[in-house]
Amino acid sequence: MYEVESIVVGAGVVGLAIARELALRGREVIVFEAEAHKGVHASSRNTSVIHAGISYVPGSHKSRLCADGKKRLYRYCAERNIPHRMIGKLITADVNSGEEGVDGLKKIQQRAAQLGLDDLHLISAHEAQRMEPELMCGGALWSPTSGIIDVHAYMDALEGDLRDARGAIAFASPVRSGKIEAGRIHLSLADKDETQIACRLLVNAAGLNAPHVAASIANRAHDALPPRLLSKGAYCVLRRASPFSHLIYPEPHGVHCSLDLGGQLRFGPDSQWIDEIDYTFDEARIAPFYEKIRAFWPNLRDGDLAPGWVGIRAKISTGKTNEIDFRIDVTNSGACRLIDLFGIDSPGLTASMGIGAEVAALAA
Ligand SMILES: Cc1cc2nc3c(=O)[nH]c(=O)nc-3n(C[C@H](O)[C@H](O)[C@H](O)COP(=O)(O)OP(=O)(O)OC[C@H]3O[C@@H](n4cnc5c(N)ncnc54)[C@H](O)[C@@H]3O)c2cc1C
């Protein structure tokens, strides 16, 4: 039986950021990842937006960790030359929404101010059109600190730091089950060697599978585990050059418009509840995008949209993303500690380094 001080389950952005932080603080840590590569689930199937942290509930994990994570992430990107760009976001009111639309934007601005974000500017439709000539809206909120990032380069940097600090990652190593015995958490892996390994600290950052991994540890004390709810989101990409150079998020329910670092314009994600992980792109999802996009970009032509990709959000409730918080559970069992991360949907990428610091502090 092998033994290690700390084990992190899952090598997505969250597991990697946590493992890096633990290793930098001098802890012995191994990450076990079920897949052959890091970050192949939510971490590489998202919008890659660094969110400003505008509309979360004050005092929530999402609000606090997004704000902290954003600062850490921009600093880290600069230090490590990780490709990223602070391109800013226009949160727009519908062109036909009149006073009501502008009032909605003012409410978002006030809420952001309560969260300490006082750099949002309300601008007129005319000013928004000066920034984005093809945009049609009834006014906008300009968020200058929103940005985009190369997530793969970010994960490479996290892995590099982890390994430099003597941490390790074992790929193709799914954690199958565990039990608490004699002051240790014993794990059984479904790898080719059927590895058995024990630790004192177990961090469950298994994303979509986090509720299953938590439930697979026998004889642990825990609060009621959350359900595993999966919300599938499809993206469409524009077949031609982007007319936009900023992120555009129409309020209250419009389709989000974002860019990658190569300038490719993408729309989405939409949302659909599913029962099992399934990354198939259903082409029937494309048609409804047209009407929603034309509400703010009338120049979209028939045939302009191509299938993009699909991501699945790790949900623990069917409520609105902004209102349902991340859940971080700490369970002590004798000399062992288990930390479970549930419902790490958006803004989990932005918050990842904040989550890393938080979990390392909870582990101490
Ligand atoms: C459609 C979509 C759009 C998003 N857009 C944004 C955005 O623009 N900005 C933002 O900040 N956030 C965004 N997010 C959220 C962000 O992508 C996630 O919060 C983040 O990637 C979660 O990282 P993670 O490491 O928790 O999960 P994951 O990346 O899913 O990693 C979990 C890992 O655990 C592994 N695993 C699972 N079970 C086991 C097991 N039994 N044993 C070992 N390993 C296991 C998996 O293989 C996986 O690699 C978006 C999410 C989605 C789905």
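How many residues does helix 2 have, and how far does helix 2 reach from its first C-alpha to its last? Select residues 61-80 in this predicted model. Helix 2 has 20 residues and reaches 26 Å, close to the 28 Å expected at 1.5 Å a residue.

**Helix 2 and its surroundings**

Keep helix 2 selected and show its side chains. Residues buried here include His61, Lys62, Ser63, Leu65, Cys66 and Ala67. Further along helix 2, Gly69, Lys70, Arg72, Leu73, Tyr76 and Cys77 are buried as well. To see what they pack against, add strand 4, strand 5, strand 9, strand 22 (327-333) and helix 8. Then step past the end of the helix to asparagine 81, which follows helix 2 and has a positive phi, near 55°.

**The sheet 4-9-5**

Three of the elements just added belong together. Select strands 4, 9 and 5: in that order they form an open sheet, with antiparallel pairing. Strand 4 (49-50) and strand 5 (84-85) stand at the edges with a single partner strand each, so one side of each has no neighbour in the sheet. Zoom in on residues 147-149, which make up strand 9; two bridges join this strand to strand 5. Which residue of strand 9 is the bridge partner of histidine 84? Label isoleucine 149, which is that partner.

**Two domains**

Now colour the chain by domain. Domain 1 takes 2-77 + 151-226 + 324-363, and domain 2 takes 89-144 + 229-315. Across their contact, 19 residues come from domain 1 and 22 residues from domain 2. On the domain 1 side, the residues that touch domain 2 divide into nine nonpolar, eight polar and two charged. A distance drawn between the domain centres, taken over C-alpha atoms, comes to 30 Å.

**The ligand**

Finally, centre the view on the ligand. Why does the ligand lie between the domains? Domain 1 and domain 2 both give residues to the shell around the ligand, so it lies between them. Select that shell: 42 residues surround the ligand, and the closest are Gly10, Gly12, Gly207, Gly311 and Gly348. By class, the shell divides into 20 nonpolar, 17 polar and five charged residues. To see which elements contribute, show helix 1 (13-24), strand 21 (305-315) and helix 8 (348-363); each supplies at least two residues of the shell. Helix 8 links this stop to the start of the tour, where the buried residues of helix 2 pack against helix 8.

Terms used
Residues are numbered from 1 along each chain as its sequence is written. This is a predicted model: local features need pLDDT of at least 70, side-chain atom pairs count only at pLDDT 80 or more; totals for chains, interfaces and linings use all residues. Two strands pair if DSSP finds at least two bridges between them. Helices (H or I, at least four residues) and strands (E, at least two) are DSSP runs, numbered from the N terminus. Domain bounds come from an automatic or database domain assignment. Two residues are in contact if their C-beta atoms, placed from the backbone, lie within 7 Å. Ala, Val, Leu, Ile, Met, Phe, Trp, Tyr, Cys and Pro count as nonpolar, Asp, Glu, Lys and Arg as charged, and the others, Gly among them, as polar. A residue is near a molecule or strand if its C-beta atom, placed from the backbone, lies within 6 Å of it. The expected span of a helix is 1.5 Å times one less than its number of residues. A residue is buried if 20 or more other C-beta atoms lie within 10 Å of its own, exposed if 12 or fewer, and partly exposed in between; C-beta atoms are placed from the backbone.
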